[in-house]
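Got the structure open in your viewer? Let's take a walk through it, one selection at a time.

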Amino acid sequence: MTCESRGGEGLGSGVGVRAGGGAVGWSVVEVVVPELARWVRERFGVYRHHVLATVRKDGAPRLTGLEADFRHGELWLGMMNGSRKVADLRRDPRFSLHANPGPGTDLAGGDVRVSGRAVEVTDPGQVARYAAAVRPPEPFHLFRAELTEVVRTSTEPPYVVVETWAPGRAPRTIRRTSNDPARQEE
């Protein structure tokens, strides 16, 4: 049986939403949905490399490896100088970042993904502050993630549990089994 619940009123009310259609920095996610944020951050912290999806020039998806970093209340995406993902994000800043699921199929800690827009950071002071803390191979490109969706998928037998949040909307949890009818909504 499919079960759905929504978080309390006011969560995701848009407080702290940046200009540009409802994208927020990581610090807002931590304030509005702290438990989901904790799961997501922990899951990304288990492995160093993750999978970034960008949009190619021809509109096709591109999947590439990426190191993501939570620091100074933001989610940072650092990239090799001149990489294709840099060109993709400069042309179309939309992205999804999927945490490395690791070996096996047990979904320990859940399977997490964030989506949004990548904003290139060109301020020399911000880039230097990041470089001093992280010590990436230089030269590099730095993007700050402005999030439009946060998702965690986990299991609570017999259910698959999908927790989602988007700025301006209440958090939502859906519990499904493989015997449930397919969901028709997006």
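Accessible areas here come from the Shrake-Rupley method with a 1.4 Å probe. Show the surface of the whole protein to begin: about 10,300 Å² is accessible, and carbon and sulfur atoms account for 53% of that. Of the 186 residues, 38% count as buried. Keep in mind that you're looking at a predicted model.

**Stop 1: colour by confidence**

Switch to pLDDT colouring. The average for the protein is 87, and 84% of the residues score at least 70. Which elements have the lowest and the highest mean pLDDT? Select residues 3–6 for the low end: that's strand β1, with a mean of 53. For the high end, pick residues 94–98, strand β5, where the mean reaches 98. Now select residues 8–21, where the pLDDT is below 50; beyond near neighbours in sequence, this stretch has 27 contacts in the model. A word of caution for this sort of region: where pLDDT is low, the predicted coordinates should not be read in detail.

**Stop 2: the cartoon view**

Go to cartoon and trace the chain from the N terminus. You'll pass four helices and nine strands, in the order β-α-α-β-β-β-α-β-β-α-β-β-β. Curious about how the chain meets itself? Take the contacts with a separation of 6 or more: 59% of them are between residues 24 or more positions apart.

**Stop 3: rings and charges**

Show the aromatic side chains next. How many aromatic pairs does a search of the whole structure find? It turns up four. Select W26, F44 and F70 together, and you have a cluster linked by ring pairs.

Then move to W39, and add R38 and R152 to the selection. R38 lies over the face of the W39 ring, 4.9 Å from the ring centre. R152 also has its charged end over the ring of W39, at 3.6 Å from the centre.

**Stop 4: the bend between β3 and β4**

Select H72, in the loop between β3 (61–71) and β4 (74–80). H72 isn't a glycine, yet its phi is positive, about 55°. For background, most residues other than glycine have a negative phi, and most peptide bonds are trans. Is H72 buried, partly exposed or exposed? It counts as partly exposed because its relative accessibility is 43%, between the 20% and 50% cut-offs.

**Stop 5: both ends of helix α4**

Highlight residues 124–134, which make up helix α4, and add D123. D123 caps the N-terminal end of the helix, with a side-chain oxygen 3.1 Å from the backbone nitrogen of G125. Now jump to the residue that follows α4, R135. R135 has a positive phi, near 60°, and is another residue other than glycine. You'll find R135 in the loop between α4 and β7. With a relative accessibility of 70%, R135 counts as exposed, since the cut-off for that is over 50%.

**Stop 6: two cis peptide bonds**

Stay in that loop and select P139, which lies between α4 and β7 (140–156). The peptide bond joining E138 and P139 is cis, with omega about 0°. Follow the chain along to P158, in the loop between β7 and β8 (159–165). Here P157 and P158 are joined by a cis peptide bond too, with omega about 10°.

**Last stop: after β9**

Finish with D180, in the segment after β9 (172–176). Is D180 buried or exposed? D180 counts as buried because its relative accessible area is 10%, and the cut-off is under 20%. Add T177 to the view: a polar atom of the D180 side chain lies 2.8 Å from the backbone nitrogen of T177.

Methods
Residues numbered from 1 in each chain as written. Predicted model: local features only at pLDDT ≥ 70, side-chain atom pairs only at ≥ 80, totals over all residues. Heavy atoms only, no water. pLDDT = per-residue confidence, 0-100. Contact = heavy atoms within 4.5 Å. Buried < 20%, exposed > 50% of the residue type's maximum accessible area, 1.4 Å probe, protein only. Polar contact = N/O pair within 3.5 Å; in protein donor to acceptor, adjacent residues only side chain to side chain. Phe/Tyr/Trp six-rings, centres within 6.5 Å; stacked < 30°, edge-to-face > 60°. Lys NZ or Arg CZ within 6 Å of the ring centre and 35° of its normal.
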